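I opened this notebook page to record two look-ups, one on the ligand site and one on a pair of helices. The entries follow in the order in which I made them.

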Amino acid sequence: MESGARIFVAGHGGLAGSAISRALGAAGYRNVIVRTRAELDLCDGPAVRRFFDAEKPEYVFLAAARVGGILANSTYPADFLRDNLAIELNVIDAAYRAGAKKLQFLGSSCIYPKFAPQPIAEESLLTGALEPSNEWYAVAKIAGIKMAQAYRRQYGFHAISLMPTNLYGPGDNFDLAGSHVVPALIRKFHEAKSSGAGEVVIWGTGSPRREFLHADDLADAALFLMKNYNDPGIINVGTGEDVTIRELAGLIGEIAGYRGRLVFDQSKPDGTPRKLLDVRRLNALGWKARIPLREGIRRTYEWYLERGSPGAAR
Ligand code: GFB
């Protein structure tokens, strides 16, 4: 991927896509193409075809998706399935037809079976039933993986698929009804501290284990793999370490300087019990995550105070 290459980042406004755009800029890529949702609706097939025919991107990072936490996934199954299928279908097909050299598709660790052996190796794909709370999203992401593999097999299109673990970082969604756990807890602890509330409510039992990757680490891996990986098989992107939700809450509470109680609301779902990726394939290629969880959360908390919280100047 030479520095003058025409590179399209689909989903540059989101957590993963914005980090990839920043990383491309920092690495000196001069021709990064982006479109806001108002300029180009990726669910609109003819519009996507016209865009690719006009712009002819050579490399495509497909980081656009409808995403959300456990509650959003369960509340909007049709939206998660439809929009993700449409985005994948439109972008992968148009990229191939317009002659792109390579496309990178971002999947998710939730594509793996609910009770996959831990840490989860790439070979676990399609070996068991999915976690029900996000199976709609997972099925759409599995379709994206298969589409990339089918276009490679039938047309020789260089499409690769990365499976990032749970992401967090600056630019995340802090809306409590739609967000993932890290931004939700940053916001809850900050607001509890600011208002002097005596307790913070954490969903579920606190015992599920999750692996968290900073979006800047994901972006670094995404650039690395665009340059160094061209296999049909999927590749996991994670840190190789996980924590319980209770431990995560303790860490975020500490960073926010909150001294009250934690209350676990067991009427809310836990989701999958554990989701730790086996990252040996990625490590063997020479890439490792660099941002420790405490440091990453501290930076995200600072971003939230400056830019992300309802009262912050944007
Ligand atoms: O991040 P999260 O929503 O997604 O939840 P998943 C992770 C864990 O944190 C669950 C608990 O056990 C939640 O019950 N949790 C505790 C909370 N308090 C909160 C809170 O205030 N907000 C949220 N959101 N969670 C998602 C999938 O699963 O993972 C997506 O639904 C996607 O499809 C994403 O794949 C990476 O890790 O359970």
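Entry 1, ligand shell. I began with the elements around the ligand and found that α6 gives the most to the shell, with 3 residues. I noted that the model is a predicted one. At least two shell residues each come from α3 (70-75), α6 (181-195) and β7 (199-203). I then sorted the shell by class and obtained 10 nonpolar, 8 polar and 4 charged residues. Of the 22 residues around the ligand, I listed those that come nearest: Ile70, Lys188, Arg210, Pro269 and Asp270.

Entry 2, polar contacts of the ligand. I looked up Arg210 and found a polar atom of its side chain 2.7 Å from a ligand oxygen. For Trp203, I found a polar backbone atom 3.0 Å from a nitrogen atom of the ligand. For Asn134, an N or O atom of the side chain is 3.3 Å from an oxygen atom of the ligand. I then checked the cover: the ligand on its own has 700 Å² of accessible area, and the protein covers 97% of it.

Entry 3, helix pair. I turned to helix α2 (residues 45-55) and helix α4 (residues 77-97), whose axes come within 9 Å and cross at roughly 30°. I recorded the crossing of α2 past α4 as right-handed. On the α2 side, I found Gly45, Val48, Arg49 and Phe52 in the contact; they meet Asn90, Val91, Asp93, Ala94, Ala95 and Arg97 of α4. By class, this contact has 5 nonpolar, 2 polar and 3 charged residues.

Methods:
Residues numbered from 1 in each chain as written. Predicted model: local features only at pLDDT ≥ 70, side-chain atom pairs only at ≥ 80, totals over all residues. Heavy atoms only, no water. Axes fitted to C-alpha atoms, helices over the stretch in contact; angles between N-to-C directions. Helix = DSSP H or I, 4+ residues; strand = E, 2+ residues; numbered from the N terminus. Left-handed = near helix turned anticlockwise from the far one by under 90°. Contact = heavy atoms within 4.5 Å. Nonpolar A, V, L, I, M, F, W, Y, C, P; charged D, E, K, R; others polar. Near = heavy atom within 4 Å. Polar contact = N/O pair within 3.5 Å; in protein donor to acceptor, adjacent residues only side chain to side chain. Areas by Shrake-Rupley, 256 points an atom, 1.4 Å probe, with all protein chains shown as cover.
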